[in-house]
Amino acid sequence: QARSGVPAVVDQKYQDDISRLSAETDALNPNPHARERLEAAQLRLREIEAEHNDSRQEAKDAKTAFQAVRKERHDRFMRCYNHLSTAIDHAYKALTQSPLFPLGGTAYLALEDAESPYLAGVKYHAMPPLKRFRDMDQLSGGEKTVAALALLFSLQTFRPAPFFVLDEVDAALDLANVAKLANYLREHARSASSSGDALESDGEGDGADDVAAADAGDDVADSSHYSLRQTARAKRQDAPAGEQARPAKDASFQFIVISLKQALFERAQSLVGIYRDQQENSSRILTVDLEQYPA
């Protein structure tokens, strides 16, 4: 029945529109808490953006620090490499020169990767006097020994060790090369002792050059000791922060060489021999100061 004053047709139309809109509204299923959830989502988004920016800054700082460490690593590696590239040839020439070959041999280093040398390798080439170029693995045992000693002595000039223990390094050397090795050790000790810098007392002596070894007789053990003390202490230069001061050319160090070669004994300042006491069933030591006897 139409309401008072409203035509029935119009009233029916309104009723149909209300029904239709109600059905559409029900179909939409609106969420009354959508606004609150939107605000929470926007807040979370701002927090994530802040964390993202912080993470990006941390990554940037880490990359900057890594590049600084990488550059420092490269600089230190190249500083050592450049020093050894020069020193190793001098050491090798000193160990291989003779009256017949006054210039000695040639030794040099080569980087396998110049961009990142510490990630690849370093080629070491040594050419004995009057020998053609060959790979290191094609050299004889004695030639490899001389090359290894040259590398060892070159490292000593860059980062000196307090002492060396060389266990029968002369086993593959002939008498001529053993004599060259002994002369090299003794000559460097003399050049160091003449530099005028006294070695601080370490409780073992008065700082004088001393060489010790023992004559290998029947009652002496199969190894003897040849020691050489350089009495000059290297003068240190002030170095930048984080960098170790570089030593002078002749740093204070000592060689202890276990050997049975007489050529080494002849150049020693003193001899130390170790033998077994059969009665006491223990080891004994014999020492002879060769400086007491005229050459």
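**Salt bridges, surface patches and a hairpin in a predicted model**

The side chains of Lys123 and Glu112 form a salt bridge, with a nitrogen-to-oxygen distance of 4.0 Å. This contact joins distant parts of the chain: Lys123 belongs to strand S2 (residues 122-127), whereas Glu112 sits in the loop between strand S1 (106-111) and S2, and the two residues are 11 apart. Lys123 is partly exposed, at a relative accessible area of 43%. Glu112 is also partly exposed, at 48% relative accessibility. The model in which this contact occurs is a predicted one.

The overall architecture consists of 5 helices and 7 strands. Along the sequence, these elements follow the order α-α-β-β-α-β-α-β-β-α-β-β. The protein has 295 residues, of which 29% count as buried.

In total, the structure contains 13 salt bridges. Besides the pair of Lys123 and Glu112, two further pairs are described here from helix H2, which spans residues 34-96. In one of them, a salt bridge connects the side chains of Arg35 and Glu39, with 3.8 Å between N and O. Both residues lie in helix H2 and are 4 residues apart, which corresponds to about one turn of the helix. The partners are not alike in their accessibility: Arg35 has a relative accessible area of 63% and is therefore classed as exposed, while Glu39, at 44%, is classed as partly exposed.

The other pair in helix H2 is formed by Asp89 and Lys93, whose closest N and O atoms are 3.9 Å apart. Here, too, the spacing is 4 residues, about one turn of the helix. Asp89 has a relative accessible area of 17%, and because residues under 20% are classed as buried, Asp89 falls into that class. Its partner Lys93, with a relative accessible area of 25%, is partly exposed. A salt bridge network is also present, linking Lys13, Asp17, Arg20 and Glu24.

Helix H2 also contributes to a charged area of the surface. Glu51, Asp54, Glu58 and Asp61 together form a negative surface patch. Of these residues, Asp54 is located in helix H2. Asp54 has a relative accessible area of 49%, so this residue counts as partly exposed.

A second patch is nonpolar in character. Leu100, Phe101 and Leu130 make up this surface patch, which covers about 370 Å². Phe101 is placed in the loop between H2 and S1. With a relative accessible area of 31%, Phe101 is partly exposed. Patches are made of residues with over 30% relative accessible area, so the value for Phe101 meets that cut-off.

Strands S6 and S7 form a hairpin with 4 residues between them. Strand S6 covers residues 270-277 and strand S7 covers residues 282-289; their pairing is antiparallel and extends over 8 bridges. Within this pairing, Arg276 stands opposite Ser283 in S7. In a regular strand, side chains alternate between the two faces of the sheet.

The loop between S6 and S7 contains Asn281. This residue has a positive phi of about 55°, although it is not a glycine. Most residues other than glycine have a negative phi. Asn281 has a relative accessibility of 58%, and it is therefore counted as exposed.

Another positive phi is found at Glu168, where the angle is about 50° and the residue is again not a glycine. Glu168 is situated in the loop between strand S3 (163-167) and helix H4 (175-193). At a relative accessible area of 38%, Glu168 is partly exposed, whereas Asn281, in the loop between S6 and S7, is exposed.

How values were computed
Residues numbered from 1 in each chain as written. Predicted model: local features only at pLDDT ≥ 70, side-chain atom pairs only at ≥ 80, totals over all residues. Heavy atoms only, no water. Patch = residues over 30% accessible without salt bridge, like charges linked within 9 Å, V, L, I, M, F, W, Y side chains within 5 Å. Areas by Shrake-Rupley, 256 points an atom, 1.4 Å probe, with all protein chains shown as cover. Lys, Arg positive; Asp, Glu negative; His and termini not counted. Charge placed at Lys NZ, Arg CZ, Asp CG, Glu CD. Buried < 20%, exposed > 50% of the residue type's maximum accessible area, 1.4 Å probe, protein only. Pairing = 2+ DSSP bridges.
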